[in-house]
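Please open the model in your viewer and keep the sequence panel visible. The stops below are meant to be selected one after another.

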Amino acid sequence: MIWCCYIAIGLGTMFGGWRIVKTMGQRITKLKPVGGFCAETGGAITLFLATALGIPVSTTHTITGAIVGVGAARRWSAVRWNVASNIVIAWFVTLPAAGLIGAGTYLLAGLF
């Protein structure tokens, strides 16, 4: 089972990871090297502070917020807010959807 998980994560990254990288680096806002550095540094500082305070945070949420912040600091219109809002909506939909799928899988496994 552990190897199945490794393979699934690897395949997911191989086939879908490029879309995430493209969305984060090009679709939310156009990042130049200095903007990418600032976003990564801001995200890392946020993660260190949250960890020190014992606050659970998502690395994906942190870096997305940092990228939006870099774009907004350049100018408000540099951020494609429709893309950013779609990402936030996906975050809210993912948790209950994963819960339902997990519950369904548990119930289905209980039948066998």
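**Along helix α1**

Begin with α1 and select Gly17, Thr23 and Met24, which are buried in this helix. The model is a predicted one. Now show α3 (59-74) and α4 (81-111): the cover over the buried residues of α1 includes both helices.

Keep threonine 23 selected, a residue of helix α1. Is threonine 23 buried or exposed? Its relative accessible area is 17%, and because the limit for buried is under 20%, threonine 23 counts as buried. Next, display its surroundings, leaving out neighbours within four places in sequence: threonine 23 is then in contact with Ile28, Val83 and Ile87.

Move back along the helix to glycine 16. Here α1 bends by about 55°.

**The nonpolar patch**

Select Ile2, Trp3, Tyr6, Ile7, Leu11, Met14 and Phe15 together and switch on the surface. These residues make a nonpolar surface patch of about 860 Å².

Pick out isoleucine 2 from this patch. Isoleucine 2 belongs to helix α1, which covers residues 2-27. With a relative accessible area of 56%, isoleucine 2 is exposed, because exposed means over 50%.

**An aromatic pair**

Turn to the rings. How many aromatic pairs does a search of the whole structure find? The search finds 2. One is formed by tryptophan 3 and tyrosine 6: the ring centres are 5.3 Å apart and the planes stand at 90°, so the pair is edge-to-face.

Show the backbone under the two rings as well. Tryptophan 3 and tyrosine 6 both lie in helix α1 and are 3 residues apart, about one turn of the helix. An α-helix has 3.6 residues a turn, so residues three or four places apart point the same way. Both tryptophan 3 and tyrosine 6 are exposed, and both also contribute to the nonpolar patch selected earlier.

**Over to helix α3**

For the last stop, select alanine 72, which is located in helix α3. Its relative accessibility is 24%, so alanine 72 counts as partly exposed. Add threonine 29 and draw a distance between the two C-alpha atoms. What separation should the viewer give? The C-alpha atoms of alanine 72 and threonine 29 are separated by 8.8 Å, while the two residues are 43 residues apart along the chain. The helix that holds alanine 72, α3, is among the elements that cover the buried residues of α1.

Key:
Residues numbered from 1 in each chain as written. Predicted model: local features only at pLDDT ≥ 70, side-chain atom pairs only at ≥ 80, totals over all residues. Heavy atoms only, no water. Patch = residues over 30% accessible without salt bridge, like charges linked within 9 Å, V, L, I, M, F, W, Y side chains within 5 Å. Areas by Shrake-Rupley, 256 points an atom, 1.4 Å probe, with all protein chains shown as cover. Salt bridge = Lys/Arg side-chain N within 4 Å of Asp/Glu carboxyl O. Helix = DSSP H or I, 4+ residues; strand = E, 2+ residues; numbered from the N terminus. Buried < 20%, exposed > 50% of the residue type's maximum accessible area, 1.4 Å probe, protein only. Phe/Tyr/Trp six-rings, centres within 6.5 Å; stacked < 30°, edge-to-face > 60°. Bend = angle between axes of the 7 residues up to and from the residue. Contact = heavy atoms within 4.5 Å.
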